[in-house]
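Colleague: Thanks for making time for this. Could you put the model up, so that I can ask how you arrived at some of the labels?

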Amino acid sequence: MSAEPSIFTLIIRGQIPSHKVYEDDHVFALLDINPFSPGHTLVVPKEEAATLDAMSEESAAALGRALPRICRAILAATGVDSYNIVQNNGESAGQTVDHVHFHVIPKHRDGRGLSFSINSSSLSEEDGAEMAERIRSHL
Ligand code: AMP
């Protein structure tokens, strides 16, 4: 992790302005400055972990507690009934700010919101058994 505070830490400290929508002891939420759709919100742990796997359990638990409440408020405020959560980890996965954040992206009826295509394939019994065992062995 960089020694410099992230842009989100500077925002949380009040050193950079933002449109804040939520704050508690562990979590901060703000409107994204380049929204995919109206209401696009970033939910950020105050703990400056670069990626999700680096978060402490305490911070992750607080984030998990706050997320549904923030999502309900976004639904009520925007009038949408659908939304996507996006959470990028690592540069190749599209992460541009090295401080964990969850994008909450309302999907508006006129199509505004996230559009994506997924390249999926089918999982064979053999590959599934081997991969699940490999992951379990690291837990
Ligand atoms: P990601 O590509 O997942 O790392 O997303 C980073 C997000 O942070 C982008 O959607 C940016 O528009 C957003 N962002 C960067 N700087 C600011 C800022 N000062 N205020 C609000 N959102 C920001």
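Modeller: Let's start with the pocket: the space taken by the ligand is the largest pocket. Do keep in mind that this is a predicted model.

Colleague: What makes you say that the ligand sits in that pocket?

Modeller: The rule asks that more than half of the ligand's atoms lie within 2 Å of the grid points of the pocket. The space taken by the ligand is indeed listed as the largest pocket.

Colleague: Which residues surround the ligand most closely?

Modeller: The shell holds 16 residues, and the closest are Asp32, Gly94, Thr96, His101 and His103. A residue belongs there if one of its heavy atoms lies within 4 Å of the ligand.

Colleague: How do the residues of the shell divide into nonpolar, polar and charged?

Modeller: Eight are nonpolar, seven are polar and one is charged. Gly counts as polar in this scheme.

Colleague: And which element gives the most to the shell?

Modeller: That is helix 1, with three residues. Helix 1 (7–12) and strand 2 (27–31) each supply at least two.

Colleague: Why is the pair between threonine 96 and the ligand called a polar contact?

Modeller: A backbone N or O atom of threonine 96 lies 2.7 Å from an oxygen atom of the ligand. The cut-off for such a pair of N or O atoms is 3.5 Å, so this one qualifies. Two further pairs pass the test as well: a ligand oxygen is 3.0 Å from a polar backbone atom of valine 97, and a ligand nitrogen is 3.1 Å from a polar backbone atom of isoleucine 33.

Colleague: How much of the ligand's accessible area does the protein cover?

Modeller: On its own the ligand has 510 Å² of accessible area, and the protein covers 85% of that.

Colleague: Let's turn to histidine 101. Why is histidine 101 called buried rather than exposed?

Modeller: Its relative accessible area is 5%. Buried means under 20%, so histidine 101 is buried. You will find histidine 101 in the loop between strand 4 (82–86) and strand 5 (102–107).

Colleague: What lies 2.6 Å from a polar atom of the side chain of histidine 101?

Modeller: The backbone oxygen of histidine 99.

Colleague: And the protein as a whole: how many helices and strands does it have?

Modeller: Three helices and five strands, running α-β-β-β-α-β-β-α from the N terminus on. By the burial cut-off, 35% of the 139 residues count as buried. The C-alpha trace spans about 50 × 40 × 25 Å along its principal axes.

Conventions: Residues are numbered from 1 along each chain as its sequence is written. This is a predicted model: local features need pLDDT of at least 70, side-chain atom pairs count only at pLDDT 80 or more; totals for chains, interfaces and linings use all residues. Side-chain values use heavy atoms; hydrogens and water are left out. A polar contact is a pair of N or O atoms within 3.5 Å; within protein, one must be able to donate a hydrogen and the other to accept it, and residues adjacent in sequence count only if both atoms are side-chain atoms. Accessible areas come from the Shrake-Rupley method with a 1.4 Å probe; for residues, only the protein chains shown count as cover. On a 1 Å grid over the protein atoms alone, a cavity is a set of points where a 1.4 Å probe fits but cannot get out, and a pocket is an open set with protein on both sides within 12 Å along at least five of seven lines; lining residues have an atom within 4 Å of a point. Helices (H or I, at least four residues) and strands (E, at least two) are DSSP runs, numbered from the N terminus. Buried means under 20% relative accessible area, exposed over 50%, partly exposed in between (1.4 Å probe, protein chains only).
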